Amino acid sequence: MEKKKYYMTTAIAYTSGKPHIGNTYEIVLADAIARYKRSQGYDVFFQTGTDEHGQKIELKAQEAGVTPKEYVDNVAGQVKDIWKMMNSSHDKFIRTTDADHEREVQKIFKKLYEQGDIYKGSYEGLYCTPCESFWTESQLVDGKCPDCGREVKPAKEEAYFFKMSKYADRLTRHINTHPEFIQPVSRKNEMMNNFLLPGLQDLCVSRTSFKWGIPVDFDDRHVVYVWLDALTNYITGIGYDAEGEGTEQFKKNWPADLHLIGKDIIRFHTIYWPIFLMALGLPLPKQIFGHPWLLQGDGKMSKSKGNVLYADELVDFFGVDAVRFFVLHEMPFDNDGVISWELLVERINSELANTLGNLVNRTISMTNKYFGGTVTDKGAALSAGDAAVDADLKAVVERTPKVVEKKMDDLRVADAITEIFNLFKRCNKYIDETMPWALAKEEEKKERLETVLYNLLESIKSGARQLAPFMPETSEKILAQLGDGKVTEKPEILFARLDMEEVLKKVEELHPPVEESEGAAGSDGASGEDAVIDIEAKPEITFEEFGKMQFQVGEIIACEEVKKSRKLLCSQVKIGSQVKQIVSGIKAHYTPEEMVGKKVMVLVNLKPAKLAGVMSEGMLLCAEDADGNLALVTPEKEMPAGAEIC
């Protein structure tokens, strides 16, 4: 019987620099899904790769004093090395500088132009170089790029445009009739409400202001704009041909079963990409999953310490499977996850060393001690209670694969791992219930003891086999130690307990704080331990001008994220007997939960303004350090909400 195909992709990594652990999470997540599908009997084709064109890379190469191709070759090599280190089992690694991809992009562009979907015009707008995106004034947040929060600059240039509105109604119908198309549902609602329903603008698909891109072959002043170039990798990588001679691999695998991407690029994949495919006469992918972000932890790490988290460094500390476990297990389905050195140590100790490692170690040790490494199922129960305990363990073993399958079908990978570890926890409880060490003291209970150890070994084997997609090396080690009929004579420690203080000390040694240069604290040459910052002075104001500003103490009684923005929080601030709604660009520094209850300093009489579509009626005062870290300014002593600041 022919296997059912399963074609899945990740977003291709942008080669502007070495990927950090948040970028690496995606390849681990994709690999776990691919491995699981293979274990279910699917014929999986798993593609990943690198996105290598654009103005940002052209500028990075200039800064490095190398050609753009030399620059992306180096970064693509780093990406490949990290993906390999993390045990990614991808079948294809595509680079958008691959000659066959570049040729096909030119053919796609020409096809779309000749059939009237692309036309020539000019673009004038506000351009964000890091995001390589044009914006209108109304789309900006606090006057900055709504995606990354950076500065934008006016730009005007001749360009080719894609007629997005031509296909908008058709895409809307598809999304409404295919509820599984965009996941999670919150991403679907965001795309419909913020982009499709208000109406789509035509999309700029070529540029003339830089050269590092795929040339438009019939108008070589233009290069193909990044999204038309990058998104088409999903079809060029498996042999699509715009002239109609696609490979057997393309015919077999398209449409994709799953595009796995970060939530920040969901718009490009659920609006632009499906419309490109409609224009090419191709079926749409079956599902697009916008996973949440893996965020740096509690603010203890910063650029000044030089310890942004990278996968290779984490692997050096903890091992590949421990890092895989953490990023998969700690990432919720629809909310951002958090990673820090402290959390890693805590989870490794509690889940990997205690729950799993200790279980395997003591089960093997008892099997060797009491039965020379070999046990069989005696089916012995000394009481109805024994039989009930055995039956409950076996029920968990039988139920777990079914629950895991349902979770994986829904892409709830963290929940699937939790179910497997619940099985291991049930095994530990079974040891506590049966007390093998007590059974070993009485000869007449030997068969019961052998039954208990047999049940344990079979249960652990079941859990280890299910663990393989997520922690392949650990699964293999466990199964090798448990053996086929006889356990290993000396169990290997799978995960050693870690000392938190020792780990954090090593981290500090690897990433010492940046030393201040001599005399940096002031003209008197005093070194000083407290950092200081000099900022550009603003024009002087009079006391009367200052007197026009009204500052009061406010108490934050509610706070939530502004859904249209990556940086804004919306707070309800009690000031005296009134409550003002204030929007602040501090989401990267405070969670809504942290904000509630804080006493803050508020500029009360700032003219109200809309930020990302939400009305703001004042301003919270913050301090900012040289690294861009923000801290709310709060009263030194307890003050009532409404107290005047003078």
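**View 1. Cys-145 and its cysteine neighbours in the predicted model.** Cys-145 is buried, with a relative accessible area of 1%. This is a predicted model. The closest cysteine sulfur to that of Cys-145 belongs to Cys-128, at 3.7 Å, which is too far for a bond. Cys-148 also has Cys-128 as the residue with the closest cysteine sulfur, here at 3.6 Å, again too far for a bond. Cys-148 is partly exposed, with 23% relative accessible area. A disulfide would need the two sulfur atoms within 2.5 Å. Searching the whole structure gives zero disulfides.

**View 2. The protein as a whole.** The protein has 646 residues, of which 50% count as buried. Its fold contains 21 helices and 25 strands. The C-alpha trace spans about 95 × 75 × 50 Å along the principal axes. Among contacts with a separation of 6 or more, 75% come from residues 24 or more positions apart.

**View 3. The largest nonpolar core and a second one.** The largest nonpolar core has 93 residues. Ile-33, Phe-318 and Phe-470 have the most contacts inside it. Helix H13, residues 341–371, gives the most to this core: twelve residues. Another core lies apart from it, with 61 residues. Among the residues of that other core are Ala-11, Leu-112, Met-164 and Tyr-240. In soluble globular proteins, nonpolar side chains tend to be buried together.

**View 4. The surroundings of Phe-470.** Phe-470 is one of the residues with the most contacts inside the largest nonpolar core. Neighbours within four places in sequence are left aside here. Phe-470 is then in contact with Ala-32, Arg-324 and Leu-328. Its contacts also include Met-408, Val-413, Ala-416, Ile-417 and Ile-420. The backbone oxygen of Phe-470 is reached by the side chain of Arg-324 at 2.9 Å.

**View 5. Arg-324, a buried arginine.** Arg-324 sits in helix H12, residues 320–329. Its relative accessible area is 0%, so Arg-324 counts as buried. The side chains of Arg-324 and Asp-31 are joined by a polar contact of 2.8 Å. Not counting residues up to four places away in sequence, Arg-324 touches Val-28, Asp-31, Ala-32 and Arg-35, among others. Met-86 and Asn-87 are also among the residues that Arg-324 touches. So are Pro-469, Phe-470 and Pro-472.

**View 6. Ser-88 in its loop.** Ser-88 is found between helix H3 (68–85) and strand S4 (92–95), in the loop. Ser-88 is buried, at 15% relative accessible area. Its side chain makes a polar contact of 2.6 Å with the side chain of His-90. Beyond its neighbours within four places in sequence, Ser-88 is in contact with Ile-27, Asp-31, Phe-46 and Trp-83. Asp-31 also touches Arg-324.

**View 7. The Tyr-6 and Tyr-42 ring pair.** The structure holds 23 aromatic pairs. In the pair of Tyr-6 and Tyr-42, the ring centres are 5.9 Å apart and the planes stand at 70°, so the pair is edge-to-face. Tyr-6 lies in strand S1 (residues 5–10). Tyr-42 lies in the loop between helix H1 (21–39) and strand S3 (43–51). The pair therefore ties together parts that are 36 residues apart in sequence. Tyr-6 is buried at 9% relative accessibility, whereas Tyr-42 is partly exposed at 22%. Lys-37 lies over the face of Tyr-42, 4.7 Å from the ring centre.

**View 8. The Tyr-160 and Phe-218 ring pair.** Tyr-160 and Phe-218 form an edge-to-face aromatic pair, 5.9 Å centre to centre, with 80° between the planes. Tyr-160 belongs to strand S7 (residues 153–162). Phe-218 is in the loop between strand S10 (206–207) and strand S11 (223–224). The two residues are 58 residues apart, and the pair links distant parts of the chain. Tyr-160 is buried, with a relative accessible area of 2%. Phe-218 counts as partly exposed at 30%.

**View 9. An aromatic cluster, and a lysine over a tryptophan ring.** Ring pairs link Tyr-7, Phe-45, Tyr-234, Tyr-240, Phe-250, Trp-254 and Trp-273 into a cluster. Tyr-240 of this cluster is also among the residues of the 61-residue core. The charged end of Lys-263 sits over the ring of Trp-293, at 4.5 Å from its centre.

Notes. Residues numbered from 1 in each chain as written. Heavy atoms only, no water. Core = buried A, V, L, I, M, F, W, Y, C linked by side-chain atoms within 4.5 Å. Buried < 20%, exposed > 50% of the residue type's maximum accessible area, 1.4 Å probe, protein only. Helix = DSSP H or I, 4+ residues; strand = E, 2+ residues; numbered from the N terminus. Contact = heavy atoms within 4.5 Å. Polar contact = N/O pair within 3.5 Å; in protein donor to acceptor, adjacent residues only side chain to side chain. Phe/Tyr/Trp six-rings, centres within 6.5 Å; stacked < 30°, edge-to-face > 60°. Lys NZ or Arg CZ within 6 Å of the ring centre and 35° of its normal.
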